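Dear colleague,

I am passing the structure on to you with this message, and the notes below it set out what was found. Please read them with the model open beside you.

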Amino acid sequence: MPAYPPIRTTNRALLISVAVLVLLAVLGTLVAFLIHSLKLTSVSDRQPVEEVSQRLGQPGPMHSVTLDNGRTLDLPQGFTISRWVKGRGALRMMAVTPDGYLLVTEKDQGKVLAYALADDAPAAVTTASGLRLPSGIAFHEGYVWVAEETQVSRFPYRGGGAAGSQEVIIGGLPSGGHNTRTINFGRDGRLYLTIGSSCNVCEEKDNRRAAMLRLNPDGSGMEIFATGLRNTVGFDWNPASGEIWGVDNGSDLMGDDLPPDEVNIIRQGRNYGWPYCYGNRKVNPEYEGDPSRAAFCHGTEPPLVELQAHSAPLGVRFLTGSAWPAAYQQNFFIGFHGSWNRSVPTGYKVVRVGTDLKVYDFITGWLDQSSGDYWGRPVDILFAGNNMYISDDHSGAIYRVTASP
Ligand SMILES: [Ca+2]
């Protein structure tokens, strides 16, 4: 005998009806919600397809712009580009002064130059000269900071692009091998300095090499912040997360497509692999015979994004607070200097890493793909006002990229 009386037919019918009604109500709500969502995201009559793809971080259609030297560059529609500075030497890293000057190192000439951002065809002001391979530059608390191969100095800024005499803050940095030194100041007010390796693949004797260092602005308290970075020329702070994002140049002579160049999130105390590992914790061929290396590599930091091998990523910058379209906000722009030991040349362009962590071409055309010839090599990226500036150490130029309203 059942513990409960059997459900009578009338009760069963009632239960089924209630269940069907509840089901219909749930389905109705779902359908209404879906219609509402689709209305918000659909490609409607008012929204062109390009606009939607741009918003999603996908590359928009490109167009060609012919420069005053007759050369052509391709970049997304809605932007134009011109040669803002020309006829100079090896223009490398850039910074901005509070009174509206762009500072740039001219590495082969041993100079720092300044250009008024308000001018369409600015004249060069010599901020400093007589330097030895100046590359990194920053503006911090009234001083122009410059990194030469073996020292970091500051120059009191006088305004109008001019500066007073050199005061060496850090001397005795290692020389030879990768000779650029990149500097910038963190939100913590401390000076961050990267020094590349002395070689292609080797064990360094000086632990300041292939590393990011951190110091107090008076030169005291130098510490090794991160290691295993073969040659991190460009780094910048992610405006959303506060993380340091840097690019690393992978080693040469491993073939056309190995190892990948890297975008790394550079964290204190972490090791980024070089010289024992490359890419995503893979053991470098030089060290494959040693089983302890596999375990070591497993404990290193893999790249956030792998870039085409031999792209030679140099300067980087996050886009913040400008009038550029939303699709580009908080994108990470990188200057690809271009390959020197790849059978088919690559790089020679400006790319962006979208918030989807995919890499998109932003400006191309310095390289002739068919002949392998190039006429320019992008180095650093800078945003000032509503414009992007790109330095070129091959043709001695700075390009200005403007978003059309
Ligand atoms: Ca690495």
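The largest nonpolar core (a set of buried Ala, Val, Leu, Ile, Met, Phe, Trp, Tyr and Cys residues joined through C-beta atoms within 7 Å) has 77 residues, and those with the most contacts inside it are M94, L102, L103, I137, Y389 and I398. Here a residue is called buried if 20 or more other C-beta atoms lie within 10 Å of its own, exposed if 12 or fewer, and partly exposed in between, with the C-beta atoms placed from the backbone. Setting aside residues up to four places away in sequence, L102 touches M94, V96, A114, Y115, L117, L382, A384 and Y389, where contact requires C-beta atoms, placed from the backbone, to lie within 7 Å. There is also a second, separate core of 5 residues, which includes Y276, Y278, V283 and C297.

Please keep in mind that this is a predicted model, in which local features need a pLDDT of at least 70 and side-chain atom pairs count only at pLDDT 80 or more, whereas totals for chains, interfaces and linings use all residues. Residues are numbered from 1 along each chain as its sequence is written. The pLDDT, which is the predictor's confidence in each residue on a scale from 0 to 100, averages 88 for the protein, and 85% of the residues score at least 70. Over residues 1-10 the pLDDT is below 50, and this stretch has 1 contact in the model beyond near neighbours in sequence. Residues 30-57 also have a pLDDT below 50, with 16 contacts in the model beyond near neighbours in sequence.

As for the overall make-up, the protein has 3 helices and 29 strands, which are DSSP runs numbered from the N terminus (helices are H or I, at least four residues; strands are E, at least two). Buried residues make up 39% of the 405 residues, and of the contacts with a separation of 6 or more, 48% are between residues 24 or more positions apart.

One residue worth opening in your viewer is T105, which lies in strand β5 (residues 101-106). T105 counts as buried because it has 33 C-beta neighbours inside 10 Å. Leaving aside neighbours within four places in sequence, T105 is in contact with R92, M93, V112, P134, S135, I137 and V146; the C-alpha atoms of T105 and P134 are separated by 6.0 Å, although the two residues are 29 apart along the chain.

Turning to the sheets, two strands are taken to pair if DSSP finds at least two bridges between them. In one open sheet, 4 strands follow the order β13-β14-β15-β16 with antiparallel pairing. The edges are β13 (181-185) and β16 (223-227), each with a single partner strand, so one side of each is left without a neighbour in the sheet. Strand β14 (residues 191-195) is joined to β15 by 5 bridges, and L193 stands opposite L213 in β15. Strand β15 (residues 211-215) in turn pairs with β16 over 4 bridges, where L213 stands opposite I224.

A further open sheet has 4 strands in the order β17-β18-β19-β22, again with antiparallel pairing. Its edges are β17 (235-237) and β22 (305-307), and since each has a single partner strand, one side of each is left without a neighbour in the sheet. Strand β17 pairs with β18 (residues 244-248) over 3 bridges, and D236 has W245 in β18 as its bridge partner.

With best wishes

Terms used. Two residues are in contact if their C-beta atoms, placed from the backbone, lie within 7 Å.
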